[in-house]
Amino acid sequence: MGIDINHKHDRKVHRKEPVSQNVYLRLLVKLYRFLGRRTNAKFNQVILRRLFMSRQNRPPISVARIVRQMKTKQRVGKTVVVVGSVTDDKRIFEVPNLKICALRFSESARTRIIKNGGTILTFEQLAVESPLGQNTVLLQGRRNAREANRHFGAPGLPNSHAKPFVREKSRNHEQARGRRASRAYKA
């Protein structure tokens, strides 16, 4: 007799559809599922996979980062594609003429791009314009830019830069009594 295998934990952990019930997102999924199946462009499959992702895995990207990434010679005149939000950055003064396709734009980012002669596309318009992803640059924001990531790890350990969850940094808030100069100890 063989061993009876417990199948209680068998599951594939990649998404086949978005968790969100947003009608517009689901229509985009329908569109890109079709394009991914009927064209042999890897671009459409990547877009589809990113449409399924959680918000943590679709971090926002700023206009400044897009401008910096598009400075290279071979990227000039190409369409930027972001499966996520595009936000404004006040630290950059000149926004060049850009063509950006994204799920969402912050209001100030939208006005700045359009004011400087740029164009904003939706994913439906992108599917019409470049169904195979020709002349596009796929960009995404930094996933570890979240404040929560600073707390990952064990604070207090040697060489660990994890940020502790403390209200404030002062004499009477979680300060260890180790032998060091700040604790009036001279070696």
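Select Tyr32 first: in this predicted model, its relative accessibility is 1%, below the 20% cut-off, so the residue counts as buried. Tyr32 belongs to helix 1, which spans residues 23–38.

Next, add Phe123 to the selection. Phe123 lies in helix 5, residues 123–129, and is likewise buried, with a relative accessible area of 2%. Display both rings together. A pair of aromatic rings is described by the distance of the centres and the angle of the planes. For Tyr32 and Phe123, the centres are 6.0 Å apart and the planes make an angle of 85 degrees, an edge-to-face arrangement. The count of aromatic pairs in the model comes to one. Because Tyr32 sits in helix 1 and Phe123 in helix 5, the pair ties together parts that are 91 residues apart in sequence.

Now move to helix 2 by selecting residues 42–52. This helix is mostly covered, eight of its 11 residues being buried. Colour the buried positions: Phe43, Asn44, Val46, Ile47, Leu48, Arg50, Leu51 and Phe52. Then show the surroundings of helix 2. What covers its buried residues includes helix 1 and helix 5, and also strand 2, strand 3 and strand 5. Both helices of the aromatic pair therefore reappear here, helix 1 with Tyr32 and helix 5 with Phe123.

From this cover, pick out strand 2, residues 79–87. Strand 2 is mostly covered as well, with eight of its nine residues buried. Its pairing can be followed one neighbour at a time.

- Strand 1, residues 61–62, pairs with strand 2 in the parallel sense over two bridges. Select Ile61 to find its bridge partner in strand 2, Val86. Trace the backbone between these two strands: the chain leaves strand 1, passes through helix 3 (residues 63–69) and reaches strand 2, a β-α-β crossover that is right-handed.
- Strand 3, residues 99–105, runs parallel to strand 2 and is joined to it by six bridges. Select Thr79 and Lys99 of strand 3, which stand opposite each other.
- Strand 5, residues 136–139, also pairs with strand 2 in the parallel sense, here over four bridges. Select Val81 to see Leu138 of strand 5 opposite.

To finish, display helix 2 together with strand 2, strand 3 and strand 5. These three strands are among the elements that cover the buried residues of helix 2, and strand 2 pairs with strand 3 and with strand 5.

Note on methods:
Residues are numbered from 1 along each chain as its sequence is written. This is a predicted model: local features need pLDDT of at least 70, side-chain atom pairs count only at pLDDT 80 or more; totals for chains, interfaces and linings use all residues. Side-chain values use heavy atoms; hydrogens and water are left out. Buried means under 20% relative accessible area, exposed over 50%, partly exposed in between (1.4 Å probe, protein chains only). Two strands pair if DSSP finds at least two bridges between them. A crossover is right-handed if, with the strands pointing away from the viewer, the path from the first strand over the helix to the second runs clockwise. Rings of Phe, Tyr and Trp (its six-membered ring) pair if their centres lie within 6.5 Å; planes under 30 degrees apart count as stacked, over 60 as edge-to-face and the rest as tilted. Contact means heavy atoms within 4.5 Å.
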